[in-house]
Amino acid sequence: MASMSGFICQNLAPDHVNTVYPLVREVVPTLDLKSWTRIAKRIANPRRAEQAGIRVVLRSPRPLPCGLFLYRREHDLVHGPILVAEHMVAVDVLDPQSVMSALVTELEALAERLGCSAIRTMVLGKASLAASGLYAAGHRPEGATLWKPVEESSAPR
């Protein structure tokens with residue numbers, strides 16, 4: 001558990017995945033609670049925290065989460081071990097930028113703790129708070145992420 005300027009950052013425990021569902025809905029509005037619970041409990045397994053997890057930011061002394069990102073450690077052919085972060089969200093009525101700063105600081109500290117040589121963040125929407133916060137912290141476009149849904153009739157069974 002890391003602490004910085006009024007924030008506490010920690011891995012989300014599997015039995016607390018429902019508490020962050022409102023945050024997740026900010027970045028994935030179509031995700032239902034049952035699907036989130038199934039996915040998140042698998043990702044948040046404490047025995048796999050060196051490989052994957054959900055980092056959550058809490059503003060002390062309030063115990064409610066105000067930010068999070070999902071992460072996994074991967075091996076990149078060019079960069080070696082890297083930290084991949086997705087679905088970053090910061091929500092705070094008064095100061096979402098401070099929450100975003102705490103998330104970025106935690107992202108970089110986590111990469112260092114896990115022995116990663118680089119961080120690859122997946123952010124959807126160029127005008128998002130996550131994109132601007134990461135850019136301000138020195139993250140730059142590495143390439144392009146392209147997306148094409150596969151029609152059910154053409155997908156292999």
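**Notebook: salt bridges and core**

I looked first at charged pairs and found that Arg55, Glu106 and Arg113 are linked in a network of salt bridges, a salt bridge being a side-chain nitrogen of Lys or Arg within 4 Å of a carboxyl oxygen of Asp or Glu. I note that this is a predicted model, in which local features need pLDDT of at least 70 and side-chain atom pairs count only at pLDDT 80 or more, while totals for chains, interfaces and linings use all residues. Residues are numbered from 1 along each chain as its sequence is written, and side-chain values use heavy atoms, leaving out hydrogens and water.

I then checked the distances: the closest N and O atoms of Arg55 and Glu106 are 2.5 Å apart. Arg55 lies in strand 3 (residues 52-59) and Glu106 in helix 3, so this pair ties together parts that are 51 residues apart in sequence; helices (H or I, at least four residues) and strands (E, at least two) are DSSP runs, numbered from the N terminus. Glu106 also meets Arg113 in a salt bridge (2.7 Å, N to O).

I looked up accessibility next, where buried means under 20% relative accessible area, exposed over 50%, and partly exposed in between (1.4 Å probe, protein chains only). Arg55 counts as buried at 6%, Glu106 counts as buried at 1%, and Arg113 counts as partly exposed at 47%.

Last, I turned to the largest nonpolar core, a set of buried Ala, Val, Leu, Ile, Met, Phe, Trp, Tyr and Cys residues joined through side-chain atoms within 4.5 Å. This core has 22 residues, and Phe69 and Leu103 are among those that touch the most other members. Helix 3 gives the most to this core, with 8 residues.
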